[in-house]
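Colleague: Could you take me through one part of this model up close? I'd like one helix, its surroundings and the loop that follows, in plain words.

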Amino acid sequence: CLRPTRVFVLITITIAALGLFVQIDVMTQGGPVDATSTLVYHAVRMGYHQQQIGYGSALSLVFFVLVLMVALVQRFLTRDRD
């Protein structure tokens, strides 16, 4: 009975882990030589700080497709087998 809830929590946690921004921005600003930079942090930095809106939007679209693929794979692997 808890299987749908477990799948939802697994997908939600994965999406949250991929979307780290605030912790990186506050603690390291991308770290030494971009060691702690993520795709989301890079997209925001390009879009807002360096005013490259198109590049930041393209990175956001790539991130969306990546998260969608990961969620679909997780959903496929955790489906009910009747």
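Modeller: Let's start with Gln51, which has a relative accessible area of 58% and therefore counts as exposed, the cut-off being over 50%. This is a predicted model, so keep that in mind throughout. Gln51 sits in the loop between α3 and α4, and you meet this residue just after α3 ends. Look at its backbone: Gln51 has a positive phi of about 55°, although Gln51 is not a glycine. Why point that out? Most residues other than glycine have a negative phi.

Now step back into the helix before that loop, α3, which covers residues 39-49. Which of its residues are buried? They are Val40, Tyr41, Ala43, Arg45, Met46 and Gly47. As for what lies over them, the cover includes α1 (3-18), α2 (22-27) and α4.

Arg45 deserves a pause. Arg45 belongs to helix α3, and its relative accessible area is 15%, so Arg45 is buried, the limit being under 20%. What does Arg45 touch, once neighbours within four places in sequence are left aside? Its contacts are Gln29, Asp34, Ser37 and Gln50. You can also use Arg45 to see how the chain comes back on itself: Arg45 and Gly56 are 11 residues apart in sequence, and their C-alpha atoms are 7.8 Å apart in space.

Next, try Val44, also found in helix α3. Buried or partly exposed? With a relative accessible area of 22%, Val44 is partly exposed, because the partly exposed class lies between the 20% and 50% cut-offs. Leaving aside neighbours within four places in sequence, Val44 is in contact with Phe21 and His49. Val44 and Leu20 are 24 residues apart in sequence, with 11 Å between their C-alpha atoms.

On to the helix on the other side of the loop. Helix α4 takes in residues 53-77, and its axis comes within 7 Å of the axis of α3, the two crossing at roughly 160°. Angles over 145 degrees count as roughly antiparallel, and therefore α3 and α4 are roughly antiparallel to each other. Their crossing is left-handed. Which residues meet there? On the α3 side you'll find Leu39, Val40, His42, Ala43, Met46 and Gly47, and on the α4 side Ile53, Tyr55, Gly56, Leu59, Ser60, Val62 and Phe63. Sort the residues of this contact by class and you get nine nonpolar, four polar and no charged. Notice that Val40, Ala43, Met46 and Gly47 are among the buried residues of α3, and that they also take part in the contact with α4. If you're wondering about the spacing along the helix, an α-helix has 3.6 residues a turn, so residues three or four places apart point the same way.

Helix α4 has another partner too. α1 and α4 pack at an angle of about 155°, and their axes are 10 Å apart. That makes α1 and α4 roughly antiparallel to each other as well, since the angle is over 145 degrees. This crossing is right-handed, whereas the crossing of α3 and α4 is left-handed. From α1, the residues in the contact are Val7, Leu10, Ile11, Thr14, Ile15 and Leu18, and from α4 they are Phe63, Val67, Val70, Ala71, Gln74 and Arg75. By class, that contact of α1 with α4 has nine nonpolar, two polar and one charged residues. Phe63 is worth finding on your screen: it is listed in the contact with α3 and in the contact with α1.

Not everything in α4 is covered, though. Leu72 is in helix α4, and at 54% relative accessibility Leu72 counts as exposed. The C-alpha atoms of Leu72 and Ala35 are 37 residues apart along the chain and separated by 29 Å.

Finally, zoom out to see where this part belongs. The protein has four helices and zero strands, and its elements run α-α-α-α from the N terminus on. The radius of gyration is 16 Å, well over the 12 Å that the globule rule gives for 82 residues, so the protein is more spread out than a compact globule. Along the principal axes, the C-alpha atoms fill a box of roughly 50 × 25 × 15 Å. Buried residues make up 23% of the 82 residues. And among contacts between residues at least 6 apart in sequence, 33% join residues at least 24 apart.

Definitions and conventions: Residues numbered from 1 in each chain as written. Predicted model: local features only at pLDDT ≥ 70, side-chain atom pairs only at ≥ 80, totals over all residues. Heavy atoms only, no water. Axes fitted to C-alpha atoms, helices over the stretch in contact; angles between N-to-C directions. Parallel < 35°, antiparallel > 145°, perpendicular 65-115°, else oblique. Left-handed = near helix turned anticlockwise from the far one by under 90°. Contact = heavy atoms within 4.5 Å. Nonpolar A, V, L, I, M, F, W, Y, C, P; charged D, E, K, R; others polar. Rg over C-alpha atoms; globule rule 2.2 N^0.38 Å. Buried < 20%, exposed > 50% of the residue type's maximum accessible area, 1.4 Å probe, protein only.
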